[in-house]
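New to this structure? Have a look at it first, and then we'll walk through it together.

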Amino acid sequence: MATIHIDGEPHETRDGENLLQAVLEAGVDLPYFCWHPELGSVGACRQCAVKQFNGPDDKRGRIVMACMTPATEGAIISVSDPEAKEFRGEVVEWLMTNHPHDCPVCEEGGECHLQDMTVMTGHRARRYRFEKRTHRNQDLGPFVKHEMNRCISCYRCVRFYRDYAGGQDLAAFASHNNMYFGRAESGTLESPFAGNLIEVCPTGVFTDKQFSKTYSRKWDMRGAPSVCAHCSVGCNTIVNERAGTVRRTINRYNDEVNRYFLCDRGRYGHGYANADTRIRVVGQLIDGVHHQVPSQAAISHFATFAEDGPVIGIGSARASLETNYALRSLVGAAQFSTGLAEPAHGLTLLAADILRTTPAHTPSLHDVEQCDAVFMLGEDALSTAPRLGLSMRQATRHASFLNADRNRIPRWMDASVRMMGQDFISPLMIATPAATGLDDCAVLTQHAAPDDLARLGFAVAHLIDEAAPAVPGLTEAESTVAGRIAEALLAADKPLVVSGTQLGSAALMQAAASIAAALMVRGKPAALSLVLPDANSMGVALMGGLSLDAVCDMARDGKVGTLIVAEADLTRQLAPERVEALLGQVRHFVLIDHSESPLIERAELVLPAAPITHSGGTMVNMEGRAQRFLPVAFPEGPVEVSWRWLRDFAESIGQDDRMAWQTLDDVVAAIARELTVFARIGEAAPSEQYMLESGHIRSQTARVSGRTAIRSHISVRDQPVPPMPDSPLSPTMEGTYSTSMPGALVPYYHAPGWNSEQSLNRFQQEIGGPMRGGYPGVRLVDAAEAVWSSAHYSTDLPETFAPRDGSILLLPESRIFGSEELSALAPAIAERAEPAVVRMAGDGPSEVTLTLDGIRHRLPVLRDDSLPPGLAFYPAHMTLRAFAAPVWVSLETAEALA
Amino acid sequence: MSIVETPASGVPAGTPPEFPQDLRDKIADMVAHEHHARGAAIEAMRLTQKRFGWLCDAHMREIAKLCSMSMADLDGIATFFNLLFRKPVGENVVMLCDSVSCWLMGEEKVRARFCEKLGIKRGQTTPDGKVTFLPIVCLGHCDHAPAMLVNEELYGNVDTETVDRVIDQMKNGSVRGES
């Protein structure tokens, strides 16, 4: 702790801060552009100038850049000093000479850091009367819109895109007034984190192209805290809505999870909520055709179905905990399925099992960033959990920070730390079947088949702790690689092992768990991170249930009267003929979902569910963190959150005593009561009753417009605003707002004088620290439940991979864009997704025909020499819908066919 | 600016010649001697420009590959430097300083003379491909302002007579410095 004096007032600051951070944390307004809380300082914009005095007797002082000056004990500075103010006024005037002042037509207007800072400096009349330089803009793809004329050359974009996210195709061109930030030529930005440029850019150079199509000002939209539904990381988001449609997704800060950045799948995946594929009516199959029926009629029909034999429920890893629990309650635990077929079912349960038993620490994303050696085993985490990949990239910087410490350079001094640290790279070691997007920052890459990767992993564990089983028959090369990995992990202070379910291999996950456990045995505080396929995979795993295969067996044995499927697309889990068989063997099939799937045609009853943008609920991410999402839009017409449909079903068959839930809180309480593992989910977010001292938190801003006028073409009568179910937020502008509200309830960021997302500084206890109002979600499994011993080491070692003649092991390639179920329905993601191709090594044919589940598929081939022979990658779920696990396929080339 | 995005002007670019093997070897050798491959980027571009007069996209891509850089990264460097040309230039390149000292000492007059005699504006090349006329930042020759660079020769105390003489020399094919 140090005490500094800002304009005569003493303020406590944290050690190692710079003056800008100290001033902002003290609640004083000081304008800045190039500094960013996650990117550090470079002193490029000169906007945060303050006067610093050498001591109480120094009356003259000197101008310093606050972001480049450490806050030292006893420092005396003045923000309001006339000379400093004048300096800042001139800087902003200068930066603005070429700015087009096109705020009325700019998407950034109203949430623009440049606007805020210009007002903050008091620059209100422009004197520059010459011609402005203009630029040509580029087409940067479906996500990001480019308007270079607005640029003030702060360099934040390239610092984020290149330095932080490892992107290569965005650069700073030319010099002086001609500075240009863009690509070498027009084209889609390659980085899967490009969307963050929208928030990183302090003005309107990079804006949201999709949002721009149905644009609304920030102050005109309703906001609600949400949780990303598109992978198992569980990034926190704010979703915006106006006039019934979801408009955009932006980052919501959670100091332990996603912090300042999202991936583009998460930012643009919400498009499914507006898409034509949404189910909006209740449908009943009569004579082979779906007819629209009233909700009550559908519920009565279910009651008659239920008399026709046992009811089996199939839940889903993309549905909330509440929906899964409601289904489980309705049908009974023994009749509830996770909605996952083998091997996904077993692997997901195994991940939960490892989470509960491992002696290693389960890291949050922020913990991952602090690790100093990372071993990624058999999971391309950048594709399956993109935000985790970004955190792993940050972990490679650890050594450069230590180098900076040794040279007494503060860690926030970004350019110096990076320049000096070029050759100080913390080890990231990658063992996967093929090259990944993280290879550029890896010190070691090993490409092999899943079984060989698992063997390598077990070998590493054995090298670290001899009690772990030895791997017989390793090649010399494999032993060397294992030795290097073990050595690097042992040399680290905080080693991390990452694996997951991507390659459908339990052995891989066991190997990763063994390495982490072995490191713990050797006294290293190891971390273990296992990536799962879906947003609530861990929630479903902790709840448990039957596999789909078991349900198929029950159906075959005639033990299924009615099958209820809640928010699951079975065609992604089961091969077509198995789906056919299953549906043919049940008497009634009821589907509750928000988006159409091939199942819909077969369903006797189709009930429209609310997607997460229209409902409240809880999801559990891969680290076992329960997080609440709240509705931002009102469910329209008969659309209901799935658990309400299930509650009504229960009532219709006289089971309402156990499921008489009115609100989300009732369900949450019931889950916490019944299932010990979920005892704490109530702590994920405040209850629906939550109020600030002066009332409920409003979900619309105080200046929202058009509340009555927006319907005036239909009716001029005032409409009462419907209540927002399951949310503590007020559905309108009525209510209250505070920068110290719980982090789980933030509907939008705003602080006096700060209209952009940079106002976040005012919501944090300290810059980059926890939210003032807390609530980062609740970790359900924080410490191992049982004492670990070496008897827990898995001894299930696979054999060496043996290629087969005429066949190839087809592995599921996870695509950031295209292979995840819901985001693939979003038009923007579909546009960004590249065509599905088979990746294989060697100078082979340009097309292959392979036979999978009895169906022949003719597929284009892309040469990828990073793959070992005998293996091929094909995107999971993209054109072969159910394909998501490794499978041997016989291969015919196009020539052979001819 | 991104050169690639701006419409071509002046000398037609035409199809770029193959990137010669000897140049490729030379650059690969330079890369091998650098601590980081990208350290060779500027010299690689200088050598290529020396051979071809300017840096076309195809050659830039070759250099980027040799230096393990992205095209954007390399082009960011190329466009920073005034003496690396990303568009074709004429046989002679006249770069007239437009910084403060030179402006005070009559750069505008000199510029007007060039434009008038060559029949082009700043940033253009004469139709016969003889001369490209460009502005440049301070040449460090302020004590002899206005200053200019013709090809690699520095000129000081430039006046309209110097302009006439230099243009004559360029037409006759020989330019010598006189500072």
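Here is a short tour, going from the domains to the place where the chains meet.

Keep in mind that this is a predicted model. Chain A is split by the domain assignment into the pieces listed here.

| Domain of chain A | Residues |
|---|---|
| domain 1 | 2-98 |
| domain 2 | 283-340 + 539-677 |
| domain 3 | 346-532 |
| domain 4 | 807-897 |

So how far apart are the centres of domain 1 and domain 4 of chain A? Going by C-alpha atoms, 55 Å separate them.

There's also a stretch with a label from a record. An unreviewed UniProt entry puts the feature "domain: 4Fe-4S Mo/W bis-MGD-type" at residues 221-277 of chain A. In the model, that span is 35% strand and 9% helix, and its end C-alpha atoms sit 24 Å apart.

Now for the meeting of chain A and chain B. Chain A brings 21 residues to the contact, and chain B brings 18 residues. About 1500 Å² is buried between them, with carbon and sulfur atoms giving 51% of that area.

What about charged partners? There are 2 salt bridges across the interface of chain A and chain B. Glu185(A) pairs with Arg61(B) in a salt bridge, and their closest N and O atoms are 3.6 Å apart. Polar contacts between the two chains come to 5 residue pairs.

On the side of chain A that touches chain B, strand E7 (residues 171-173) gives the most, with 3 residues. Sorted by class, that side of chain A has 8 polar, 7 nonpolar and 6 charged residues.

Conventions. Residues are numbered from 1 along each chain as its sequence is written. Chains are lettered from A and ligands numbered from 1 in the order in which they are written. This is a predicted model: local features need pLDDT of at least 70, side-chain atom pairs count only at pLDDT 80 or more; totals for chains, interfaces and linings use all residues. Side-chain values use heavy atoms; hydrogens and water are left out. Domain bounds come from an automatic or database domain assignment. UniProt positions are given in the numbering used here, feature names are shortened, and annotations may be inferred rather than shown by experiment. Helices (H or I, at least four residues) and strands (E, at least two) are DSSP runs, numbered from the N terminus. Contact means heavy atoms within 4.5 Å. Buried area is the accessible area (1.4 Å probe) that two parts lose on being put together, summed over both. A salt bridge is a side-chain nitrogen of Lys or Arg within 4 Å of a carboxyl oxygen of Asp or Glu. A polar contact is a pair of N or O atoms within 3.5 Å; within protein, one must be able to donate a hydrogen and the other to accept it, and residues adjacent in sequence count only if both atoms are side-chain atoms. Ala, Val, Leu, Ile, Met, Phe, Trp, Tyr, Cys and Pro count as nonpolar, Asp, Glu, Lys and Arg as charged, and the others, Gly among them, as polar.
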